[in-house]
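Colleague: Could you walk me through this structure? I would like to ask about it step by step.

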Protein chains: 2
Amino acid sequence: MSTYPVSERTKMKRGHKRASYDVELVHSIIDEAYICHVGAKMMDRPMVQPTAHWREGNKLYIHGSSKNGLFQTLIKGEEACITITILDGLVMARSSFHHSANYRSVMIFSKAKLIENRDEKKRLLNLMMLKITPERFDEIREPNAKELKATTVLEFDLVEVSAKVRTGPPVDDEEDYALPVWAGVTPLTLEKGKALDDPRWLDDHGKNDEE
Amino acid sequence: MSTYPVSERTKMKRGHKRASYDVELVHSIIDEAYICHVGAKMMDRPMVQPTAHWREGNKLYIHGSSKNGLFQTLIKGEEACITITILDGLVMARSSFHHSANYRSVMIFSKAKLIENRDEKKRLLNLMMLKITPERFDEIREPNAKELKATTVLEFDLVEVSAKVRTGPPVDDEEDYALPVWAGVTPLTLEKGKALDDPRWLDDHGKNDEE
């Protein structure tokens, strides 16, 4: 089992039992989630933005407009704290106090590296498409030179990284187990619904399909 | 329609069409989401932690252990950026570049106010239970004095607030509409699954129920 080294900041001060530095677990959480929350100091004040992310090996990637203020700040060398959270359930205890959540989260401290090489940028953006829509990957139009120029791709080394995971039923105070209140877990999952056709795609293809 | 005032930081520099300052919309996003991501400077470095939140009127609340480092930092007066994101779908375009996400997000800049009065703290924690588990609210054991002491509740005024929303189908470049690739939206929703009984609840009640 490969693990990340524990740093002063990734060392869990509380909730040790929920902490993990397991590389495989960290990667699985990163890969399952579609979005992360990227935090950094901007003009000495905090800023947290949601954005899509993807991973290759031990590096995390985000992309955005080259005009995005947070991206500009990160390119200038401000450190990021990137947090990814998958909510797995609501933990219903017998006491208000012991209610909790089941979740899997990852926290990454890292500075951004700007991907400048156009071919590398294109290769990395293709990896994002393979994550989001592998079955359509061969059909969609690749980014052109203008689009690549307008897109900033940032790379973060996964070095100062920790995961935090809670699973299982509530843990109540012993005397509360006698209370006549239901206890357990309400599972939560992010479900894909039935695909909604773009109206303009339907205009071009819908009728043919029905004939 | 009541709206939040636009500040230097909540003014959208890009993506104006997605920006909203509508109070009702902001409140609805806050109320639907179970978790937020709280960012602040900690020892001059960024920190982003996920946590549960709830709302009353025009105030947002979070709670945690009184030993939590980020909470201590916020109590000392560091400003927070609190971001809430609901991912509604993956937007599948004809070109890689125009892929996007449908989402509703809220960003709040605010300093924390520590709730010190024990009765007020209890009242606010009860509001959280009413959000999470209204149908069990009358049955669960309320927090006792020791638990209230161990719990920190922080209040944030909703003043410097903005929402960002994307809905609808992809918007491709005109010439790409002729490409023979499906386009549309894959909806994503956070679904509640079948409740999982706590094994110890089942021990006490499960067999009786079946008799």
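**Salt bridges within and between the chains**

Modeller: Happy to, and let me start with one pair: A:R9 and A:E160 form a salt bridge through their side chains, with N to O at 3.3 Å. Please keep in mind that this is a predicted model.

Colleague: Good start! How many residues apart are A:R9 and A:E160 along the chain?

Modeller: A:R9 sits in the segment before β1 (19–20) of chain A, while A:E160 belongs to strand β8 of chain A. The salt bridge therefore links distant parts of the chain, and the two residues are 151 residues apart.

Colleague: And is A:E160 buried or exposed?

Modeller: The cut-off for buried is under 20% relative accessible area. Its partner A:R9 is at 16% and so counts as buried. A:E160 has a relative accessible area of 19%, so this residue too is buried.

Colleague: What about A:K59: which residue is its salt-bridge partner in strand β7 of chain A?

Modeller: A:K59 lies in strand β4 of chain A, and its partner is found 98 residues apart in strand β7 (residues 151–157). A:K59 is partly exposed at 28%, and the partner is partly exposed at 37%. The closest N and O atoms are 2.6 Å apart, and the partner is A:D157.

Colleague: Turning to chain B, which residue of the pair B:K59 and B:E155 is buried?

Modeller: The side chains of these two meet in a salt bridge at 3.9 Å, N to O. The pair joins strand β4 (residues 59–65) to strand β7 (residues 151–157) of chain B, 96 residues apart. B:K59 is partly exposed, with 28% relative accessibility. At 7%, the buried one is B:E155.

Colleague: Which residue of chain B belongs to the salt-bridge network with A:R9, A:E79 and A:E160?

Modeller: Salt bridges that share partners tie these residues into one network. Three of its members come from chain A, namely A:R9, A:E79 and A:E160, and the member from chain B is B:R45.

Colleague: How many salt bridges are there between chain A and chain B?

Modeller: Over all chains, a search of the whole structure finds 38 salt bridges. One that crosses between the chains joins the side chains of A:R141 and B:D173, at 3.5 Å from N to O. Between chain A and chain B the count is twelve.

**The contact between the chains**

Colleague: Which element gives the most residues to the side of chain A that touches chain B?

Modeller: Polar contacts between the chains number 39 residue pairs, both residues being at pLDDT 80 or more. Elements that give two or more residues to this side of chain A include β2 (35–42), β3, α3 and α5 (199–210). With nine residues, the one that gives the most is β9(A).

Colleague: How much area is buried between chain A and chain B, and which three residues of chain A supply more of the chain's share than any other three?

Modeller: The contact takes 76 residues from chain A and 76 from chain B. The buried area is about 7,100 Å², with 61% given by carbon and sulfur atoms. Of the area that chain A buries against chain B, 9% comes from the three residues you ask about: A:P46, A:R141 and A:W182.

Colleague: What relation do the two chains have?

Modeller: A turn of 180° with a shift of 0.0 Å along the axis lays chain A on chain B, at an RMSD of 0.0 Å. That is why the relation is that of a two-fold axis.

Colleague: Which residue of chain A comes closest to that rotation axis?

Modeller: Judged by C-alpha atoms, the closest approach in chain A is 2.2 Å, and the residue is A:L190. The same surface serves both copies, as the contact residues of chain A recur in chain B at 100%.

**Helix α1 of chain A**

Colleague: Where around the axis of α1(A) do its buried residues lie?

Modeller: In this helix (residues 23–32), the buried residues are A:V23, A:V26, A:H27, A:I29 and A:I30. They span an arc of only 160° around the axis, so they lie on the same side of α1(A).

Colleague: Which helix is among the elements they pack against?

Modeller: The buried residues of α1(A) pack against several strands of chain A, including β3 (45–56), β4 (59–65) and β8 (160–166). The helix among their partners is α3 (118–132).

Methods. Residues numbered from 1 in each chain as written. Chains lettered and ligands numbered in written order. Predicted model: local features only at pLDDT ≥ 70, side-chain atom pairs only at ≥ 80, totals over all residues. Heavy atoms only, no water. Buried < 20%, exposed > 50% of the residue type's maximum accessible area, 1.4 Å probe, protein only. Helix = DSSP H or I, 4+ residues; strand = E, 2+ residues; numbered from the N terminus. Arc of directions from axis to C-beta. Contact = heavy atoms within 4.5 Å. Least-squares fit on C-alpha atoms with pLDDT ≥ 70 in both. Buried area = accessible area lost by both parts, 1.4 Å probe. Salt bridge = Lys/Arg side-chain N within 4 Å of Asp/Glu carboxyl O. Polar contact = N/O pair within 3.5 Å; in protein donor to acceptor, adjacent residues only side chain to side chain.
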